[in-house]
Amino acid sequence: RPSQLERGGCVLMTDQLNPPGQAARQRGSLVHAFLEQVKWIDEELPTVDQLVAIGQSLDANADHLRSAIDSYQEMISQRSLRETLSRARYREWIERFTSAGRNELQLDVRTEQRLTARDGDDWLSGSIDRLVLLRRAGRPVAAEILDFKTDALPDKASMAERVEHYRPQLDAYRRGASRMLRLDPQQITTGLIFVPSGELAMVST
């Protein structure tokens, strides 16, 4: 799976996303599940009752659920994260492709997008946290893959190290999405959203 490819090794997704400890793992899983509900942050967001229902469906411990909801609400209040998850962020993207054709463009976002595609002699299988598509006449002309990470980043050097750590995973997502969408990989960008700080790190090819 793409999520097992960071640094070329094989690790469990729960180990990759969260520090050791049951509470931390469950909190990270809950925050991830809450963020799946966000299409455009400047439009409609899940209510607290909906977040509670999500937690209960995952059999979350009551204390862990309260902590995760508090963390999620704090995270989505951050300006950097709000900018990343807004429609407005894609204005220049749309303008660039509008100049290349007259047909109207549509912006589409999918969360937890299932991905299954052949990769040489192997198969890629996994889920993309956030896939933003730019379509013309229903056909994708560009895409952006964003992956949520719960890693804490004490400094910029830590971000650079984390980007390299996750690069193989995002490269695999790009290859798989290229085949799934029948889209030139050069038209697919990838990035990491470090949700505790709200920082976005784009990952070049």
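Trainee: In the hairpin of β4 and β5, which residue takes a positive phi, and how many residues lie between the strands?
Mentor: Gly 198 does, with a phi near 80°, and four residues lie between the strands. Before going on: this is a predicted model, in which local features need pLDDT of at least 70 and side-chain atom pairs count only at pLDDT 80 or more, while totals for chains, interfaces and linings use all residues. Residues are numbered from 1 along each chain as its sequence is written, and side-chain values use heavy atoms, leaving out hydrogens and water.

Trainee: What makes β4 and β5 count as paired?
Mentor: Two strands pair if DSSP finds at least two bridges between them. Between β4 and β5 (residues 199-203) there are five bridges, in the antiparallel sense, so the criterion is met. Within this pairing, Gly 191 stands opposite Met 202 in β5.

Trainee: How do you know what is a strand or a helix here?
Mentor: Both are DSSP runs, numbered from the N terminus: helices are H or I with at least four residues, strands are E with at least two. On that basis the protein chain has seven helices and five strands. From the N terminus on, they run α-α-α-α-α-α-β-β-β-α-β-β.

Trainee: Why is β4 described as largely enclosed?
Mentor: A residue is buried under 20% relative accessible area, exposed over 50% and partly exposed in between, with a 1.4 Å probe and protein chains only. Six of the seven residues of β4 (residues 188-194) are buried, so the rest of the structure largely encloses this strand. For the whole protein chain, 48% of the 205 residues count as buried.

Trainee: How does β4 pair with β3, and over how many bridges?
Mentor: β3 (residues 139-149) and β4 pair in the parallel sense over seven bridges. One bridge joins Phe 148 to Ile 193 in β4. On the antiparallel side of β3 is β2 (residues 122-136), also with seven bridges, and there Leu 133 stands opposite Ala 143 in β3.

Trainee: What makes the sheet mixed, and what is its strand order?
Mentor: The open sheet has the order β1-β2-β3-β4-β5 with mixed pairing. β1 (105-119) and β5 are edge strands, each pairing on one side only. Neighbouring strands are turned by 35° against each other on average, direction ignored.

Trainee: Which helix joins β3 and β4, and what is the hand of the unit?
Mentor: Helix α7 (residues 156-181) makes a right-handed β-α-β unit with them. Right-handed means that, with the strands pointing away from the viewer, the path from the first strand over the helix to the second runs clockwise. α7 lies across β1, β2, β3, β4 and β5, at about 140° to β4. That angle is between N-to-C directions, on a scale from 0 to 180 degrees, with axes as lines fitted to C-alpha atoms, for helices over the stretch in contact.

Trainee: Why is Arg 174 called buried?
Mentor: Arg 174, which lies in helix α7, has a relative accessible area of 6%, and the cut-off for buried is under 20%. Contact means heavy atoms within 4.5 Å. Not counting residues up to four places away in sequence, Arg 174 touches several residues, including Ile 145, Ile 188, Thr 190 and Val 203.

Trainee: How do you know that the span of helix α2 agrees with expectation?
Mentor: The expected span is 1.5 Å times one less than the number of residues. The 15 residues of α2 (residues 22-36) should therefore span 21 Å, and the end C-alpha atoms are 21 Å apart, which agrees. Among the buried residues of α2 are Leu 30, Val 31 and Phe 34.
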